[in-house]
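User: I have a chain open here and would like to talk through a few of its residues. Could you take my questions one at a time?

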Amino acid sequence: MTNVTQILSDIEHGDSAAAERLLPLVYDELRKLAAAKLAREKPGQTLQATALVHEAYLRLVGSEPAQNWDNRWHFFAAAAEAMRRITVNCARDKKRLKRGGEFHRIDLKDAEIALDSDVDDLVALDEALAELEREDVIAAQVVKLRFFAGLKQREVAAALGISLRSTERQWSFAQAWLYDRLR
């Protein structure tokens, strides 16, 4: 774990070779986060975990100017946020007329026409999450780490530097708040 923090520091200080050393250390964990995120998506999703990891990694490490991370948890929180933005952008893209707009893919073996609201749900969740973030930043961060990164309560508490009880309280509040907004 200290290797990751050291490499992040090296990247911050302009070491271009450090990014190559970082990927093998964090790839498996990022892949698990991406797979967990995509497992909650609608079947037939065109975005794959590997592509999501690579896109998020490029946004984090390949960006100019170099980003600053306090520690390993901060990096993974940034990765979760990048993955969230990528999946939301994909959902928005699917709604665009250029990508088929309101048309929905239906398997030939399915005789019924089904309405697909999963894309709409993801966009609505993102909008509600942005509203929650304006009201309570910590609660929104807890949701991002729990829902989009798949972290457990203890991991979220460690990542945010707050107590486990505070994390549980923020998670309960955020769930109720989002339920009310999305209802």
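User: Let's start with D136: where is it found?

Analyst: D136 is found in the loop between α5 (118–135) and α6 (137–148), where helices are DSSP runs (H or I, at least four residues; strands are E, at least two), numbered from the N terminus. Please keep in mind that this is a predicted model, in which local features need pLDDT of at least 70 and side-chain atom pairs count only at pLDDT 80 or more, while totals for chains, interfaces and linings use all residues. Residues are numbered from 1 along each chain as its sequence is written, and side-chain values use heavy atoms, with hydrogens and water left out.

User: Which side chain of opposite charge is nearest to D136, and how far away is it?

Analyst: That is R169, 9.3 Å away, and D136 has no salt bridge although it is buried. Buried means under 20% relative accessible area, exposed over 50% and partly exposed in between, with a 1.4 Å probe and protein chains only. A salt bridge needs a side-chain nitrogen of Lys or Arg within 4 Å of a carboxyl oxygen of Asp or Glu, and for charge, Lys and Arg count as positive and Asp and Glu as negative, with His and the chain ends not counted.

User: What does D136 touch, then?

Analyst: Not counting residues up to four places away in sequence, D136 touches Q170 and F173, contact being heavy atoms within 4.5 Å. In addition, a polar atom of the D136 side chain lies 3.2 Å from the backbone nitrogen of A139.

User: Switching to salt bridges, how many are there in the whole structure?

Analyst: A search of the whole structure finds 10 salt bridges. One of them joins the side chains of R21 and D10 at 2.9 Å, N to O, and this pair links distant parts of the chain, with R21 in helix α2 (residues 18–39) and D10 in helix α1 (residues 2–12), 11 residues apart.

User: And what about R85 and E81, where do they lie?

Analyst: Both lie in helix α4 (residues 72–95), 4 residues apart, which is about one turn of the helix, and their closest N and O atoms are 2.8 Å apart in a salt bridge. R85 is partly exposed at 47% relative accessibility, whereas E81 is buried at 14%.

User: How far apart along the chain are K144 and E133?

Analyst: They are 11 residues apart, K144 in helix α6 and E133 in helix α5, so this pair links distant parts of the chain; their side chains meet in a salt bridge at 2.9 Å, N to O. K144 is buried, with 8% relative accessibility, and E133 is partly exposed at 28%. Salt bridges that share partners join E81, R84, R85, D126, E133 and K144 into one network.

User: D126 is in that network, so is it buried or exposed?

Analyst: D126, which is found in helix α5, counts as buried because its relative accessibility is 11%. Leaving aside neighbours within four places in sequence, D126 is in contact with R84, V88 and R92.

User: New topic: how many aromatic pairs turn up?

Analyst: The search of the whole structure finds 2, where rings of Phe, Tyr and Trp (its six-membered ring) pair if their centres lie within 6.5 Å, and planes under 30 degrees apart count as stacked, over 60 as edge-to-face and the rest as tilted. The rings of F75 and F76 are edge-to-face because their planes stand at 80°, with the centres 5.5 Å apart. F147 and F148 are also edge-to-face, at 4.9 Å centre to centre and 85° between the planes.

Definitions and conventions. A polar contact is a pair of N or O atoms within 3.5 Å; within protein, one must be able to donate a hydrogen and the other to accept it, and residues adjacent in sequence count only if both atoms are side-chain atoms.
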